[in-house]
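Trainee: I am new to this structure and would like to understand how its descriptions are justified. May I ask about them in turn?

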Amino acid sequence: MAKTDALQGSLDLLVLKLLSRRTRLHGYAIMAAIASASGDVLRAEEGSLYPALHRMEEAGWIRAEWIKKDTGRRARVYELTTAGLKQLGAEESRWESVSVAINRVLREA
Amino acid sequence: MSLWSRIANAFQGERLNREIEEELQLHMEEAIASGRDAGEARRAFGSSLRVREASHSIRVAGWLEGLLADVHFGWRQLCRNKVTSIAAVLSLALGIGSCVAAFRLIDALLWRPLPVANADHLYILARSMPHFDGKLIEDDHWATPEFDALRNAVKDQADLIAISEADRTDVTWTTDEDMEKANVVYASGNMFPLFGLEPAFGRLLAPTDDRAPGASPYAVLSWDYWNHRFGCDPKILGRPLHIGDQTFEIIGVGPRDFTGTEKGTVTDIFLPVSMNNFATMERAAWHRTFLMLKPGVRAGSDLEPLRQHLAAANHTFQAGCSTCFHGMPQVDIDRYLKQNLILHSAGAGILELQKDYRRFLGILGLMAALVLLIACVNVANMMTAQATARAHEMALRISIGAGRSRLIQLILCQSALLALLASVLGALFATWAAPFVLSLINPPDNPARLDLPADWRVLLFGCGLMLLVVLLLGLLPALRASAVRPVAALKGGEDPHSSRRLMRGVIALQVAFCFLALFLSSLFVASFQRLQNRPLGFSTDRLLLLQTVAGKGQLPVVWNQTTEAIRAVPGVESVAIASWPLLGRIQINSEISVNGAPPSPTPAFFLNVSSGWLSTMKIPLVSGRDFSPQDRSPGVAIVNETFARTYFPGQNPIGRSFERDGGQSPNKIVGVTPDVPYHDLREPTRAIFYVPFNGVNDKSAPQTVGFATFVIHTDAQDSLALAETLRKLIAQRHNGFRVSNVTTQYDLVRDQTVRERPIAMLAAFFAAVALLLAGIGLYAVLNYSVLQRRREIGIRMAIGSPRAGIVHLVTLDAFLMTALGGCVGAALGFGSARYVESLFYQVKATDADMIALPAGAILLTTLIATLPAVLRALRTDPTEILRAE
């Protein structure tokens, strides 16, 4: 349970950051990448990734495309848009300030 | 872009669901492919149903999806009751179409601003003064010297523009035989520049064209005339145009959309005011005076000082006019000097007889609105009935969590669908109806042309109307449906009387509207009938009228020779000459003095007629004799009975004498005729005298006559068949005569009712539709209420209620409500009739038959409408009902 809570509110940031490094990932690859990069610490309830992706898509931060996979199945892959890049900057600085503030509280309390 | 994609997705919800499903499916497959256990992956994923729902609602505009579902559902509801829906759409379409058509007419005639610059700064100058019968009359005609004086007085604050009324004038483009009619307007040279109008071609009249009388023989054509008469021929410039004995040169064509300042009349030719002979006469009030405020002068606060300034200048001019009052009695001079100046806003142009037309059009609009209201009430009723029948469904929807707003939306969707369908049909109807009604109002010899554009004004009105209809139709049923209490409804019905109370109110409302429509229409129809059947006192049968002009005038003897020539034509029974026809557009009065006394306060109207005119017109003589061919004017006269009563009360007028306009030789009365209408069918009887056609001047020399009308009684029923023969005969005699207008006495009489006839027809039509719709509405309500009360009726019958009791039960409400509605309608009717009473001829709103007729019609309709419901109630089989329960 602690694992999911850690992800609350920062899923957008993680997805955007990931897509800024590696483009054209499908949902499962995004989830797997977040899990492995964080050493399995950050792990969402996997299903909640999809509404988040769709919300960001509607907001215009990421763009989706259907591609044909080698197996013959279709996959929906996502990539960052210019608006998404801007949003990533904003989310990052917000995360910075929040984490600095939390760290200060933890040190001084 | 995001909203757009969400809206687009709302139209393809199924495809979207498939895509989401596919994406989630792929996630599972990837998980298994990467070596995870299927069960574990599924658990880690969480509820896929929830994910799907969440994604769907993110990617779709939910409100739109709901709306689409409601529209779809509403459409299915309409399709389920096809007959009712079609009836509803048709009746609404009729109502909406009538309203839009009425709006188009009223807007075009009264509200739409003229296509000129600063139309909101344009005013027309009128004056009111006491008439000789004491009533205040308002007049907007001015003499050119008066105009010049006023123009100088206010030249710093405003510009005055002289524009004459459009006059059907004989114009000649080539040879004398080719005379035709055109609407001619005289305008001061500043009109085009002040109106900000640019020529389509050539040049327009300019202020320099006002410089001296007769110095600017130039004419400007309106674009419309240039287009339909000359096919936009560019070689028109410099062509000569003959009017009377004047020749004008065409110098240009006006802008495309400017047709003059009179609504309903398209001006063909503009001429300079300075070219009209009246322009130099001090008392000839012949043109209108418009006022355009200069820039910087405020229409609100500066107008009243300006008016007072003009009034003072006008009074100074009138009082200083030495030649104006020559020979007038002092009382008339005082009356004339008591002028009051009025400024009317003229930005929307002028309409002849504007006040009367305003009221006529107002009534037309009211009738159309009543039909629409009745149709709306009908359909709202139908929807309420359906909503009540769907109370169970509504209760169920609320129980499983539908919001009230969603229920209201559901019902409003259905009414919007109805309104939309009806609006499309109504728009088609209005496209046809507005020009049709306009063609009804027009006299055939002078067809009014009016631009009836279907532009944003009409569109805006139509949309507003549609919105109103949607609310009228849907709001009540929607609120009722959303107020459903699920517990009560699902338990077996709410208060069974609540919906009937509402419907009873609706019946009363509908009957009130219907009564009002019937009442007004019966007033108009009765007025028209009485006007049409008014005893004339002369015959209109087989009377051909040839209105003839003789350039610079011709001696009476030549006119009489032409009369003889016409008499010799086969098919002519008798022929006579009059200066102008009875009930034509001309009326001229004379002041009458008896035995050298000062003129009496009431003037009398006159007509010059040849011997034989009375017998040709079939006007009998009460006493005395007809004119003989030797009679001259002044010398003898024939008078009507009102004349005899007015000037020779209690005496035998034969052999007595009177003088005209002071100073002329006396006229000896040789005959007395009954009263006949002279200028207007509606007029009270006037004092009229006839004088011989052969006029002589002071020195007993014959006077020339410039125009007169040959009155020809033909053998054949269709007297117009002879017109062409006679026209050629008159032209071939080469004595300067030209027939300028051909008509019949019958047509002149019929033209007198040109306003009453279409209003009566339209009013009768609207009233019939209103009655039909109200009848259908009543039938539907009663039928529905009997269906709803089957249980109660069955029980009553089972316990021995007599048939009369059942009938009583079913119909009492309806008749009470009809009576109530009738009373309300009558009250409304009396209230509104007060505003239009002046339009009626010998009809009063309080006449017993004016109330009896609509009351009878409504009672009959109620009886017919209740019959099926009563029969259905009586056929109720109690055993069947009770077994079913």
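Trainee: Which domains does the domain assignment of chain B give?

Mentor: The model is a predicted one. For chain B, the assignment lists domain 1 (2–60), domain 2 (119–345), domain 3 (354–533 + 754–884) and domain 4 (543–715). The C-alpha centres of domain 3 and domain 4 of chain B are 57 Å apart.

Trainee: What makes a residue of chain B count as part of the contact with chain A?

Mentor: Its C-beta atom, placed from the backbone, must lie within 7 Å of that of a residue in the other chain. The contact draws 20 residues from chain B and 18 residues from chain A. On the side of chain B, the elements giving two or more residues are helix 1 (2–10), helix 2 (13–33), helix 3 (38–45) and helix 4 (48–59). Helix 2 of chain B gives the most, with seven residues. By character, this side of chain B has nine nonpolar, six polar and five charged residues.

Trainee: How do you know that strand 2 and strand 3 of chain A pair?

Mentor: Pairing requires at least two bridges. Seven bridges join strand 2 of chain A to strand 3 (residues 74–80) of chain A, so the two strands qualify as a pair, and they run antiparallel. A:Ile67, for instance, has A:Ala75 in strand 3 of chain A as its bridge partner.

Trainee: Why do strand 1 and strand 2 of chain A each have one side without a neighbour in the sheet?

Mentor: The three strands of chain A form an open sheet in the order 1-3-2. Strand 1 (25–26) and strand 2 (62–68) of chain A stand at the edges with a single partner strand each, so one side of each has no neighbour in the sheet.

Terms used
Residues numbered from 1 in each chain as written. Chains lettered and ligands numbered in written order. Predicted model: local features only at pLDDT ≥ 70, side-chain atom pairs only at ≥ 80, totals over all residues. Contact = placed C-beta atoms within 7 Å. Helix = DSSP H or I, 4+ residues; strand = E, 2+ residues; numbered from the N terminus. Nonpolar A, V, L, I, M, F, W, Y, C, P; charged D, E, K, R; others polar. Domains from an automatic or database assignment.
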